[in-house]
Amino acid sequence: MATILDGKALSKDLKIALADKVKESGLSPKLAVVFDPKNDGSRLYVGMKQRAAAKVGIATEDIAVADDVTTEAVLKIVADLNADPSVTGILVQAPLPKTVNDQQVFSAIAPEKDVDGLGAFNQGMLFGDQPGEYAVAATPQGVMTLLRHYDIDLHGKKAVVVGRSQLFGRPMAALLNNANATVTMAHRYTPREMLLDSLQNADIVVVGVGIANFITGDQIKDGAVLVDVGMNVVDGKTTGDIEFASAEKKASFITPVPGGVGPMTIATLLENTFAAALNQAKSSKN
Ligand SMILES: NC(=O)C1=CN([C@@H]2O[C@H](COP(=O)(O)OP(=O)(O)OC[C@H]3O[C@@H](n4cnc5c(N)ncnc54)[C@H](OP(=O)(O)O)[C@@H]3O)[C@@H](O)[C@H]2O)C=CC1
Ligand SMILES: Nc1nc(=O)c2c([nH]1)NC[C@@H]1CN(c3ccc(C(=O)N[C@@H](CCC(=O)O)C(=O)O)cc3)C=[N+]21
């Protein structure tokens, strides 16, 4: 039986510690969130974030965009938020309506306010494993914090990342690579037998594709560490991309869904938002 990687419990502790730090700092961080209200997942996530932010002393401003909004109009919203000194963090929730080029919008966020680290500058820092402080996307960063908390060693291990979005797969692979794992990435066009072959040999599997039961226990190595980023609703219940019942019998560690990666994403986003506010306060003093 696998040990549960309890993201819910760890995120609670992180948020309690963060609330103290925000209070001590005397700062008033504010996170602006640009989102598509027609997207169910986006609406849900915005609501969860808002409540969690309020609890740690971070203000939020949610900006809903219309479903026919243009990239230019969103770039203008971002430019105004960049110029507003009361806004210390900007999050553009993916996906925006199809009329918008998300990547162009991510890269328009001022790097010091880009709390999800999705712009070209911060992603370049991550991919280059550059020294210094910069924001990394909350989901993969949260996964790393969870693995570290359970003392899971990545050095020299074989990792497989399934999914290659800018939000999850690409930064996840970069973080694992920077931690000296050997990383294989899989996506829609990876031949099935190639994916299965990689999974059989993987010490660590991180999956986020958005397909319920995409990975099953018989496909993984005995003792593998399994991290499930997927969020699917099946018969009204939230489930991940890993078939939990069969996988937990073989894994050494496994994240549950809900209660694994999701809460870590939120706690990490709040940590990134506070770090950005702190850096802005420091640089305005100099
Ligand atoms: N828990 C959390 O905090 C978060 C959860 N999520 C969840 O994670 C999942 C992925 O999200 P996100 O990355 O934003 O989604 P995207 O739709 O942007 O990306 C999905 C990825 O899965 C790949 N994929 C799709 N089908 C297959 C397949 N059959 N075999 C292998 N790879 C496949 C796609 O490949 P290709 O690139 O070739 O199209 C793509 O890279 C969703 O369920 C989402 O709800 C997302 C963010 C945070
Ligand atoms: N720029 C950007 N950054 C993101 O990080 C981002 C995004 N866009 N777009 C949408 C996805 C989705 N996402 C989730 C975060 C937390 C939970 C979460 O906390 N889930 C809980 C509850 C789930 C439930 O019960 O419904 C859990 O897993 O326990 C879910 C989903 C972040 N995303």
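Start by selecting residues 5–116, the stretch that UniProt lists, in an unreviewed entry, as "domain: Tetrahydrofolate dehydrogenase/cyclohydrolase catalytic". Keep in mind as you look around that this is a predicted model. Colour that selection by secondary structure: 50% of the chain over residues 5–116 is helix and 14% is strand. Now click on the C-alpha atoms at the two ends of this stretch, and you'll find them 23 Å apart.

**Stop one: a charged patch**

Stay with this part of the chain and show the side chains of Lys8, Lys12, Arg51 and Lys55. What do these four make on the surface? They gather in a patch of positive charge. Which elements give two or more residues to the positive patch? They are α1 (7–25) and α2 (40–56). Zoom in on Arg51, which sits in helix α2. Is Arg51 buried or exposed? It has a relative accessible area of 55%, so it counts as exposed, since the cut-off for that label is over 50%.

**Stop two: a residue tucked away**

Next, select Val65, in the loop between β3 (59–64) and α3 (71–83). Here you get the opposite label: Val65 counts as buried because its relative accessibility is 5%, and buried means under 20%. Now add Leu96 to your selection. Along the sequence, Val65 and Leu96 are 31 residues apart, while in space their C-alpha atoms are 8.1 Å apart.

**Stop three: two cis peptide bonds**

A bit of background first: most peptide bonds are trans. With that in mind, go to Ala94 and Pro95, which are joined by a cis peptide bond with omega at about -5 degrees. Pro95 is in the loop between β4 (89–92) and α4 (102–108).

Then jump along the chain to Val257 and Pro258. The peptide bond from Val257 to Pro258 is cis too, and its omega is near 0 degrees. Where do you find Pro258? Look in the loop between β11 (253–254) and α10 (261–285).

**Stop four: the second listed domain**

Pro258 falls in your next selection, residues 138–280. UniProt, again in an unreviewed entry, gives this stretch the feature "domain: Tetrahydrofolate dehydrogenase/cyclohydrolase NAD(P)-binding". How much helix and strand does the chain have over residues 138–280? The answer is 41% helix and 18% strand, with the end C-alpha atoms 19 Å apart.

**Stop five: positive phi angles**

Another bit of background: most residues other than glycine have a negative phi. Select Asp151, in the loop between α6 (138–149) and β5 (158–162), and check its backbone angles. Phi of Asp151 is near 55 degrees, a positive value in a residue that isn't glycine. Asp151 is exposed, because its relative accessible area is 68%.

Now try Asn213, in the loop between β7 (204–207) and β8 (225–228). Phi of Asn213 is near 55 degrees, again a positive value in a residue other than glycine. With a relative accessible area of 45%, Asn213 is partly exposed.

**Last stop: Glu243**

Finish at Glu243, in the loop between β10 (237–239) and α9 (244–250). At 29% relative accessibility, Glu243 is counted as partly exposed. Select Gly156 as well and draw a line between the two C-alpha atoms. How far apart are Glu243 and Gly156 in space? The distance is 27 Å, and in sequence Glu243 and Gly156 are 87 residues apart.

Key:
Residues numbered from 1 in each chain as written. Chains lettered and ligands numbered in written order. Predicted model: local features only at pLDDT ≥ 70, side-chain atom pairs only at ≥ 80, totals over all residues. Heavy atoms only, no water. Patch = residues over 30% accessible without salt bridge, like charges linked within 9 Å, V, L, I, M, F, W, Y side chains within 5 Å. Areas by Shrake-Rupley, 256 points an atom, 1.4 Å probe, with all protein chains shown as cover. Lys, Arg positive; Asp, Glu negative; His and termini not counted. Charge placed at Lys NZ, Arg CZ, Asp CG, Glu CD. Helix = DSSP H or I, 4+ residues; strand = E, 2+ residues; numbered from the N terminus. Buried < 20%, exposed > 50% of the residue type's maximum accessible area, 1.4 Å probe, protein only. UniProt positions renumbered as here; feature names shortened; annotations may be inferred.
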